[in-house]
Amino acid sequence: RPDMSQGFALCSPAAPELGAFPLSLVQLQKMLSQRYFHHFFISTAKGVLEMRCAPLQPASDRDRESPPLGFLFAGRLWSPAYLDMLSGLTESSIRFEDIRDDTSVPETAYAFDTGTISFSRVLRTWDNRPVVQMLITSDTPVLREFSNASDAKIFQFLLFFAAIQLMLYVALLLFVRLPLRSISQSLEKAS
């Protein structure tokens, strides 16, 4: 609603406390005075809540020039069960870690010898404060096999290259050096 009052709320029966809007009226007014579209995270007792916000405007206003008639907020609870489902779908390990002021975000790491890829993302509030750090680790046997196969292919290439070099040496010796030596010896005997 334009007056920032909640018009309708729908939430899971398993988490009725999420039916109350997680931001105060002052926070909401400050957030919407900056821009209308938002994507942010909020820490709750049930887990991390992902929120998206968009203005409600008449369908005839394709350029979104009129003031909003209200706002639509949609949220998704990142509960341990949801994280387990995401981990299963992506065949990786996803976990949250609390952020302290002195915490630095680990860099992306690729360990091709073990087939492990790990990276992290900081999930932030609407005013860009860190909520939690999401750590993702994926153990992919494909990378490990690719690394092993690459090592084997390099060894095979070097072996092939050495064999070609040896064959060239033998061919030059047999078809060039020895006949030239014979010709040279013949010429020395004839003179």
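Start with the aromatic rings: in this predicted model, the count comes to 5 aromatic pairs. To find one of them, select Y36 and F71. The ring centres of Y36 and F71 are 5.5 Å apart and the planes meet at 55°, so this pair is classed as tilted. Now colour by secondary structure and see where the two rings come from. Y36 sits in the loop between helix 1 (25–34) and strand 1 (38–44), while F71 belongs to strand 3 (residues 70–78). The pair links distant parts of the chain, 35 residues apart.

Switch on a surface for these two. Which of the levels, buried or partly exposed, fits Y36? Y36 is partly exposed, at a relative accessible area of 34%. F71, by contrast, has a relative accessible area of 16%, and under 20% counts as buried.

Next, select F41 and W78. Their rings make an edge-to-face pair, with 5.9 Å from centre to centre and 80° between the planes. F41 lies in strand 1 and W78 in strand 3, so the pair ties together parts that are 37 residues apart in sequence. Both F41 and W78 are buried. Add Y82 and F96 to the selection, and you have a cluster: ring pairs link F41, W78, Y82 and F96.

Stay with strand 1 and strand 3, and bring in strand 2 (residues 47–56). Here you are looking at an open sheet of 3 strands in the order 1-2-3, paired antiparallel. Strand 1 and strand 3 stand at the edges, each with a single partner strand, so one side of each is left without a neighbour in the sheet. From one strand to the next, the twist averages 25°. Strand 2 and strand 3 pair in the antiparallel sense over 9 bridges. For a close look at this pairing, select M51, whose bridge partner in strand 3 is G75. Now show helix 1, which packs on the sheet and touches strand 1, strand 2 and strand 3. The direction of helix 1 makes about 155° with that of strand 1.

Time to move to the other sheet. In what order do its 4 strands run? The order is 4-7-6-5, in an open sheet with antiparallel pairing. Strand 4 (93–97) and strand 5 (109–111) are the edge strands, each pairing on one side only. The twist in this sheet averages 20° from one strand to the next. Zoom in on strand 5 and strand 6 (residues 116–124): they run antiparallel and are joined by 3 bridges. Select A109 there, and you will find S118 of strand 6 standing opposite.

Two loop residues are worth a stop for their backbone angles. Select E91, in the loop between helix 2 (80–90) and strand 4. Phi of E91 is near 50°, a positive value in a residue other than glycine. E91 is also exposed, with a relative accessible area of 65%. Then go to N128, in the loop between strand 6 and strand 7 (130–139). N128 is not a glycine either, yet its phi is positive, at about 70°. With a relative accessible area of 51%, N128 is exposed.

For the last stop, select S138 in strand 7. S138 is buried, with a relative accessible area of 14%. Which residues is S138 in contact with, leaving aside its neighbours within four places in sequence? They are E91, which you have just visited, S92, G115, T116 and I117.

Note on methods
Residues numbered from 1 in each chain as written. Predicted model: local features only at pLDDT ≥ 70, side-chain atom pairs only at ≥ 80, totals over all residues. Heavy atoms only, no water. Phe/Tyr/Trp six-rings, centres within 6.5 Å; stacked < 30°, edge-to-face > 60°. Buried < 20%, exposed > 50% of the residue type's maximum accessible area, 1.4 Å probe, protein only. Pairing = 2+ DSSP bridges. Axes fitted to C-alpha atoms, helices over the stretch in contact; angles between N-to-C directions. Contact = heavy atoms within 4.5 Å.
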